[in-house]
Amino acid sequence: MHVLVAGGAGFIGSHTVVQLKNAGHDVTIVDDFDNSKATAVARVEALTDSHIPLHVFDLCDPDKTEALFAAERFDAVIHFAGHKAVGESVQEPLKYYKNNLDSTFSLLRAMATHGVHRLVFSSSATVYGDESPQPSQETYRPLQSSNPYGWTKVMNEQIIGDVARADGFKVALLRYFNPVGAHASGTIGEDPQGIPNNLMPFISQVAVGRRDKLTVFGDDYDTADGTCERDYIHVEDLAAGHLAALEHIDEMVEPVRAFNLGTGVPTSVLGMIKAFETATGVPIPYEVGPRRAGDLPVTFADPSRARDELGWQTTKSIEDMCADTWRWQSANPQGYPG
Ligand code: WQD
């Protein structure tokens, strides 16, 4: 297939592009480098020994999006593009609603106009909100979120589903749990701008000496060691989930289908610190601080639907996630150059 990867220079997008190329697909990337760098694309080209056509523009521009679809024939779209910082979305909700919805509108309109009917969308476990029983299952309703970023995922799922049903699209909505890790080469990985919000990039920046210590956000939760538990998933397993979705999209049991992408096994914050220290031999100094507003004690996936319907399963351990993150971070202490 010829696949348009929107947001293909980002963390999950870049790893997915490598796997698409290795599986023999043609890939075109569109990215505005708002939160990513051209170096990531160059490194994906080096890893796949190929040239990858790249269009640098903001998908919120419907005319540029339309022109791209008029010039190229795509068989499918994988839509990763969007803002993703939870805290920033609370401070600047309009920025999130405008960007994360407008880009989807442009894409859907161009897809409908040009008869491109396969879409894989980056959704998030955040759509299960605060009340879902654990592990989360795709059938849970009502979808909701605790922040504007998360609501853009809920709204995008609704909008994409409505358009898909009206225009005969096939759509896989992939609900990611907590993506971590990096490509085994150590040449591509997660490169957050500023102070990391997420646990794994913070740990790896402490390890590489960019931060003094980690603050553990609360150790008085009702969990085995008192810290929150999350379903961390290796980005390579996550990328493989996109390939599996694409390969099964024409035979899905319904035209719009949601799939959890997680391991089904939660790990605590202290468990992750220990695993990182064991996998890398690098000590992670930490202190326990207050709880972070909005954190749930435990979230994890029931990944059985993706296993049964996509033939997809995770293969990487927590130790793999830590070792691969460290290979990337230690080789690229400041992230991508440029
Ligand atoms: C994991 C655990 C923290 C940082 C977020 C978004 C979610 C999704 C993924 C996209 C929690 C603890 C963290 C630190 C810590 N994004 N922690 N010290 O909150 O599960 O999910 O990212 O869809 O929408 O909410 O991930 O990595 O931020 O936190 O103790 O410096 O690590 O309290 O228990 P989270 P996270």
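Okay, one definition before anything else: when I say a residue is buried, I mean that its relative accessible area is under 20%, and exposed means over 50%. Keep in mind too that what you're looking at is a predicted model.

Let's put that definition to work on helix α1, residues 11-22. How many of the 12 residues of α1 are buried? It's 11 of the 12, so α1 is largely enclosed by the rest of the structure. If you want to find them, the buried ones are Phe11, Ile12, Gly13, Ser14, His15, Thr16, Val17, Val18, Gln19, Leu20 and Lys21. The length works out as well: at 1.5 Å a residue, α1 should span 16 Å, and its end C-alpha atoms sit 17 Å apart, which agrees. After α1 comes Gly24, with a positive phi near 95 degrees.

Now, the sheet. We have seven strands in an open sheet, with parallel pairing, and the order is β3-β2-β1-β4-β5-β6-β11. At the edges are β3, residues 54-55, and β11, residues 256-261, and each of those pairs on one side only. Zoom in on β4, residues 76-79, and β5, residues 118-124: these two run parallel and are joined by three bridges. If you'd like one bridge to look at, Val77 has Leu119 in β5 as its partner.

What packs on that sheet? Helix α8, residues 235-248, does, and it touches β1, β4, β5, β6 and β11. The direction of α8 makes about 160 degrees with that of β6. Then there's helix α6, residues 148-167, lying across β5, β6 and β11 and running at about 160 degrees to β5.

Hold on to α6, since it turns up again in a pocket. The second largest pocket has a volume of about 290 Å³. Its lining is made up of 16 residues, and those nearest its centre are Arg141, Leu143, Glu157, Leu173 and Arg175. Which element gives the largest share of that lining? That's α6, with five residues. At least two lining residues each come from α6, β6 and β11.

On to another helix, α5, residues 93-113. With 21 residues, α5 reaches 30 Å from its first C-alpha to its last, close to the 30 Å expected at 1.5 Å a residue. Its buried residues include Tyr96, Asn99, Asn100 and Leu101, and further along Leu107, Leu108 and Met111. What covers the buried residues of α5? The cover includes β1, α3, β4, α4, β5 and α6. Just after α5, you'll find Gly115 with a positive phi of about 65 degrees.

Last stop: some backbone details in the loops. Where do we see cis peptide bonds? One runs from Gln134 to Pro135, with omega near -5 degrees, and another from Arg141 to Pro142, also with omega near -5 degrees. Pro135 lies in the loop between β5 and α6, and that loop is also the place of Pro142. Arg141, remember, is one of the residues nearest the centre of the second largest pocket.

Two residues have a positive phi although they are not glycines. Phe33 is one, at about 60 degrees, in the loop between β2 and α2. Asp49 is another, at about 50 degrees, in the loop between α2 and β3. And is Asp49 buried or exposed? Its relative accessible area is 72%, and since the cut-off for exposed is over 50%, Asp49 counts as exposed.

Methods:
Residues are numbered from 1 along each chain as its sequence is written. This is a predicted model: local features need pLDDT of at least 70, side-chain atom pairs count only at pLDDT 80 or more; totals for chains, interfaces and linings use all residues. Side-chain values use heavy atoms; hydrogens and water are left out. Two strands pair if DSSP finds at least two bridges between them. Helices (H or I, at least four residues) and strands (E, at least two) are DSSP runs, numbered from the N terminus. Contact means heavy atoms within 4.5 Å. Axes are lines fitted to C-alpha atoms, for helices over the stretch in contact, and angles run from 0 to 180 degrees between N-to-C directions. The expected span of a helix is 1.5 Å times one less than its number of residues. Buried means under 20% relative accessible area, exposed over 50%, partly exposed in between (1.4 Å probe, protein chains only). On a 1 Å grid over the protein atoms alone, a cavity is a set of points where a 1.4 Å probe fits but cannot get out, and a pocket is an open set with protein on both sides within 12 Å along at least five of seven lines; lining residues have an atom within 4 Å of a point. Grid points are joined across faces, edges and corners, and a volume is the space filled by probe spheres set on the points.
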